[in-house]
Amino acid sequence: MSEETVFALASAAGRAGIAVIRLSGPAAKDALVSLGCAAPLPRKAVRARFVNPLSGELLDDGLLLWFPGPASFTGEDVAELHVHGGRAVVDSILTVLTGLEGLRPAEPGEFTRRAFEHDKMDLTQAEALADLVDADTRAQQKQALRQMGGALKELYDDWRLRLIQALAHLEAVIDFPDEDLPPEIADKVWGEVADLKQEIIRHLDDGGRGERVRDGIHIAIVGPPNAGKSSLLNFLARRDAAIVSDIPGTTRDVIEVHMDLGGYAVTLADTAGLRDAGDAVEDEGIRRARRRAETADLKVAVFDGAVYPAQDAVTATLVDSNTVCVINKADLIENEVQKRAGVSPALFMSVKTGAGVEEFLSVLRERVGEKTDNGSAVPLTRARHRHALNECVEAMTRAKDAALSELAAEDLRMAARALGRITGRVDVEEILDVVFRDFCIGK
Ligand code: GDP
């Protein structure tokens with residue numbers, strides 16, 4: 001158990017109905033006594049009057065919960081003070097705690113780090129907890145909960161165990177060459193390594209779906225100047241994020257809005273209208289628009305219905321299978337024949353009148369869903385995991401090609417270590433700081 005006892009405001013800072021102050025460590029119980037309370041029965045909420053130990057003044061009348069270690073979040077003695085969320089109340093209690101022997105404010109992520117150190121969770125679960133706290137959309141929430149429940153931990157632990165078993169068999173062959181080991185044992189090892197490698201490669205080759213859910217899907221709106229790209233962005237963002245004007249070439253930089261589209265986090269980027277501008281600033285904007293279009297997960301190509309069906313050649317070069325084409329200003333298109341004459345397949349809408357916008361949105365939602373839906377498989381969610389899995393696959397490949405069994409064994413050991421780094425079973429110190437750095441205080 002850690003020597004030090006830490007405390008922090010676990011709820012968001014600022015005025016609120018209720019605030020939660022959390023303490024963890026061996027001095028938690030004494031701290032409660034100092035505040036004028038005795039540690040209550042485990043895991044039962046009791047009403048508590050918190051007082052200043054020096055003056056005896058009442059600081060708040062709230063609730064107290066006591067989770068004696070090891071059956072607590074951190075594995076240590078934990079107390080939770082539910083107090084009124086006014087600044088004076090919270091500040092006065094934190095000030096008292098700061099003055100107590102053996103207590104200090106927690107570092108960001110320190111409660112979770114202690115939970116990890118006491119084997120309450122592995123690193124993928126700790127990361128999932130951070131993701132859950134950061135989740136803005138339903139899909140992010142679902143994915144984080146699944147990972148927090150141990151879905152990735154189980155997968156990676158199982159792979160690591162299988163690798164270690166294969167390694168043990170290989171080492172038996174190396175160490176006891178004269179013993180009566182079954183002759184097919186080496187074949188079994190390499191069969192298992194090959195199967196495992198295929199499974200990991202399939203897991204890696206998921207098109208980045210889990211990472212997309214977590215980080216958000218990038219959609220670039222492209223099209224000729226004046227087609228209504230900024231109007232569409234503002235409509236979707238429900239605010240005036242981009243300048244709408246009938247002067248072509250107004251949007252010269254990439255403007256981004258973050259939104260929730262059908263439960264998925266989406267970053268929508270409005271880009272400069274694509275044309276041969278001849279103006280240095282606008283040209284730079286167009287270059288950025290193209291770059292953004294190239295790196296986006298999805299593109300929305302907006303064409304100008306007013307000049308329709310004169311297609312814009314520059315925009316058309318960007319249209320591919322990842323593009324939703326939409327012809328805006330349908331209110332200015334006069335007849336059905338003209339409507340049918342143009343880009344196909346394309347949707348017609350008018351941001352101005354709202355006609356066709358719902359249909360466009362449902363197509364967009366569907367496309368976003370296709371980019372993120374992973375069926376029943378557990379998705380990979382972080383670049384850190386991807387990196388370690390790639391290392392694992394490389395080490396397995398090297399092992400297979402190794403000239404000597406001893407070298408093959410060393411490569412398999414490295415492969416297992418790469419998997420162990422994901423869950424935090426090995427080389428822990430160097431990765432802990434990276435993982436917990438992104439946490440907020442009180443978590
Ligand atoms: P961008 O250059 O592609 O970003 O286009 P804007 O969003 O700035 O719009 C250009 C002009 O078209 C503005 O005057 C808008 O008010 C107008 N506009 C946008 N959408 C529609 C529409 O659906 N119908 C009509 N009639 N005008 C529109």
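Disulfides: I took a disulfide to be a pair of cysteine sulfur atoms within 2.5 Å. By that rule I found zero disulfides in the structure.

Ground rules: I noted that this is a predicted model, in which local features need pLDDT of at least 70 and side-chain atom pairs count only at pLDDT 80 or more, while totals for chains, interfaces and linings use all residues. Residues are numbered from 1 along each chain as its sequence is written, and side-chain values use heavy atoms, with hydrogens and water left out.

Cysteines: I looked up two of them, using buried for under 20% relative accessible area, exposed for over 50% and partly exposed for in between (1.4 Å probe, protein chains only). Cys37 counts as buried because its relative accessibility is 9%. Cys325 is buried too, with a relative accessible area of 8%.

Overall: I counted 16 helices and twelve strands in the protein. Helices (H or I, at least four residues) and strands (E, at least two) are DSSP runs, numbered from the N terminus. Of the 443 residues, 49% count as buried. With contact meaning heavy atoms within 4.5 Å, I read that residues 24 or more positions apart make up 65% of the contacts with a separation of 6 or more.

One sheet: I traced an open sheet of six strands in the order β3-β4-β5-β2-β1-β6, with mixed pairing. Two strands pair if DSSP finds at least two bridges between them. At the edges I found β3 (46-51) and β6 (103-105), each pairing on one side only. Neighbouring strands of this sheet are turned against each other by 30 degrees on average, direction ignored. Axes here are lines fitted to C-alpha atoms, for helices over the stretch in contact, and angles run from 0 to 180 degrees between N-to-C directions. Strands β4 (residues 58-67) and β5 (residues 78-85) run antiparallel and are joined by five bridges. Within β5, Glu80 is the bridge partner of Leu65. Helix α2 (residues 87-98) packs on the sheet and touches β1 (5-9), β2 (16-24), β3, β4, β5 and β6; its direction makes about 150 degrees with that of β5. Helix α3 (residues 110-117) also packs on the sheet, touching β1, β2 and β6, and its direction makes about 140 degrees with that of β1.

Another sheet: I traced a further open sheet of six strands, in the order β8-β9-β7-β10-β11-β12, again with mixed pairing. Its edges are β8 (255-261) and β12 (347-348); each has a single partner strand, so one side of each is left without a neighbour in the sheet. β8 pairs with strand β9 (residues 264-270) in the antiparallel sense over seven bridges. In β9, Val266 is the bridge partner of Met259. Helix α13 (residues 357-372) packs on this sheet, touching β7 (217-222), β8, β9, β10 (298-304), β11 (323-328) and β12, and its direction makes about 170 degrees with that of β11.

Ligand: I found 18 residues around it, the closest being Asn226, Lys229, Ser230, Ser231 and Asp331; near means that a heavy atom of the residue lies within 4 Å. A polar side-chain atom of Ser230 is 2.8 Å from an oxygen atom of the ligand. Backbone N or O atoms also lie beside ligand oxygen atoms, at 3.0 Å for Val351 and at 3.1 Å for Lys352.

Ile255: I placed this residue in strand β8. Ile255 counts as partly exposed because its relative accessibility is 23%. Ile255 and Ser230 are 25 residues apart in sequence and 9.0 Å apart in space, C-alpha to C-alpha.

Note on methods: A polar contact is a pair of N or O atoms within 3.5 Å; within protein, one must be able to donate a hydrogen and the other to accept it, and residues adjacent in sequence count only if both atoms are side-chain atoms.
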